[in-house]
Amino acid sequence: MAGGAETGGSCQIVTAARVVVDPSFPGSLRCTATPKLNMSKQTWICVPCRKVYMRKKYLTSVECPKCQGPCELVHTWGIPPSPKHTKAWDEFIARNRADAARLEASRQAERERQEQMQDLIRPKKPSPPEEHVPYLAAIRLPAIKTLTHSAGLPANQLAGHAANLEFWVGEAKHCLAAIDGYWERFKRLRTRQVEYEKQHNMPVTVVSLRRGIGDADRQELRRVLLEAIEQFLSRCRREGLISTEELKAALAELGR
Ligand SMILES: [Zn+2]
């Protein structure tokens, strides 16, 4: 048995008769005769057992017959050095892992490139004609983000935002009105579109006019928004930046 390579199952032995130590790379093995590359197999290594196995190319994972642990596929060119030459073997393992990581990174980049290409060539679904979630989410998110951020600021910075209390309560009210008025707007939109289609002898697209956002989602939008403005107001009150009366008035404006 040479170089830690061994027979077993369908694996192919790397025998001493075929390989010798390469003087230019101590510890490595190379073929003595014309190298006979077995294109149908690839090399796997069990690192803990320091064993090399040849397995059919179609296999995507190999279990070490000795320890039943997972083997690592050899990506690095050349025959692995003998495990007896600890330094060369360890270097080979490290190099192989670096090669494997590079290969995976380039495969990932290629997958992403393919996906981007697919996105570009895939026929775009026509946008649903109704006003849908993104608008509500879009107007709500900056307000929530800013209010949540402000509520966590040091008191001196919070004081600056408290000076714009009216503005922030107004923003929150506007978002709440947009959320609450969604269904009414949607019904108007649908009715008008159907009328137009009938007047112009167009196929009526009632089916495509579905509600873009459910009641539960709108309630959740509402809840998160109110939570953000209330946190902001409570913190302003705790820091003495607004009076209890101002707090109550702001909450009343928000219907709390
Ligand atoms: Zn093993």
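# Exercises on a predicted model

Ile45 has Glu72 of β5 standing opposite it. The exercises below start from this pair and concern a predicted model.

**Exercise 1. Determine which strands form the open sheet, and in what order.**

Solution. Step 1: begin with strand β3, residues 41-46, and strand β4, residues 51-56; six bridges join the two, and they run antiparallel. Within this pairing, Trp44 has Tyr53 of β4 as its bridge partner.

Step 2: turn to strand β5, residues 72-73, which pairs with β3 over two bridges, again in the antiparallel sense. Here Ile45 stands opposite Glu72, and Trp44 stands opposite Leu73. Trp44 therefore has a partner in β4, Tyr53, as well as a residue opposite it in β5, Leu73; a strand pairing of this kind is made through backbone hydrogen bonds.

Step 3: combine the pairings. The three strands form an open sheet in the order β4-β3-β5, with antiparallel pairing. Because β4 and β5 each have a single partner strand, they stand at the edges, and one side of each is left without a neighbour in the sheet.

**Exercise 2. Locate Arg50 and state which sign its phi takes. Is Arg50 buried or partly exposed?**

Solution. Step 1: Arg50 lies in the loop between β3 and β4. The hairpin made by these strands has four residues between them.

Step 2: the phi of Arg50 is positive, about 55°, although this residue is not a glycine.

Step 3: count the neighbours. Arg50 has 17 C-beta neighbours inside 10 Å, and a residue is partly exposed when its count falls between the limits of 12 or fewer for exposed and 20 or more for buried, so Arg50 is partly exposed.

**Exercise 3. Find the loop that holds Asn201, and decide whether Asn201 is buried or exposed.**

Solution. Step 1: Asn201 belongs to the loop between α5 (182-199) and α6 (215-238).

Step 2: Asn201 is not a glycine, yet its phi is positive, at about 50°.

Step 3: Asn201 counts as exposed because it has 6 C-beta neighbours inside 10 Å.

**Exercise 4. Describe the surroundings of Pro65.**

Solution. Step 1: Pro65 is placed in the loop between β4 and β5.

Step 2: since 16 other C-beta atoms lie within 10 Å, Pro65 is partly exposed.

Step 3: compare sequence with space. Pro65 and Lys51 are separated by 14 residues in sequence and by 9.8 Å from C-alpha to C-alpha.

**Exercise 5. Establish which residues of helix α4 are buried and where the exposed residues are carried.**

Solution. Step 1: α4 covers residues 165-180, which makes 16 residues. From first C-alpha to last, the helix reaches 22 Å, close to the 22 Å expected at 1.5 Å a residue.

Step 2: the buried residues are Trp168, Ala172, Cys175 and Ile179. Viewed down the axis of α4, they fall within an arc of 60°, so these residues line one face of the helix.

Step 3: the face turned away from the buried side carries the exposed residues Glu166, Phe167, Gly170, Ala177 and Asp180.

**Exercise 6. Place these elements in the whole protein chain: how many helices and strands are there?**

Solution. Step 1: the chain has seven helices and five strands. Read from the N terminus, their order is β-β-β-β-β-α-α-α-α-α-α-α.

Step 2: of the 256 residues, 20% count as buried.

Step 3: among contacts between residues at least 6 apart in sequence, 61% join residues at least 24 apart.

How values were computed
Residues numbered from 1 in each chain as written. Predicted model: local features only at pLDDT ≥ 70, side-chain atom pairs only at ≥ 80, totals over all residues. Pairing = 2+ DSSP bridges. Contact = placed C-beta atoms within 7 Å. Expected span 1.5 Å × (residues − 1). Arc of directions from axis to C-beta.
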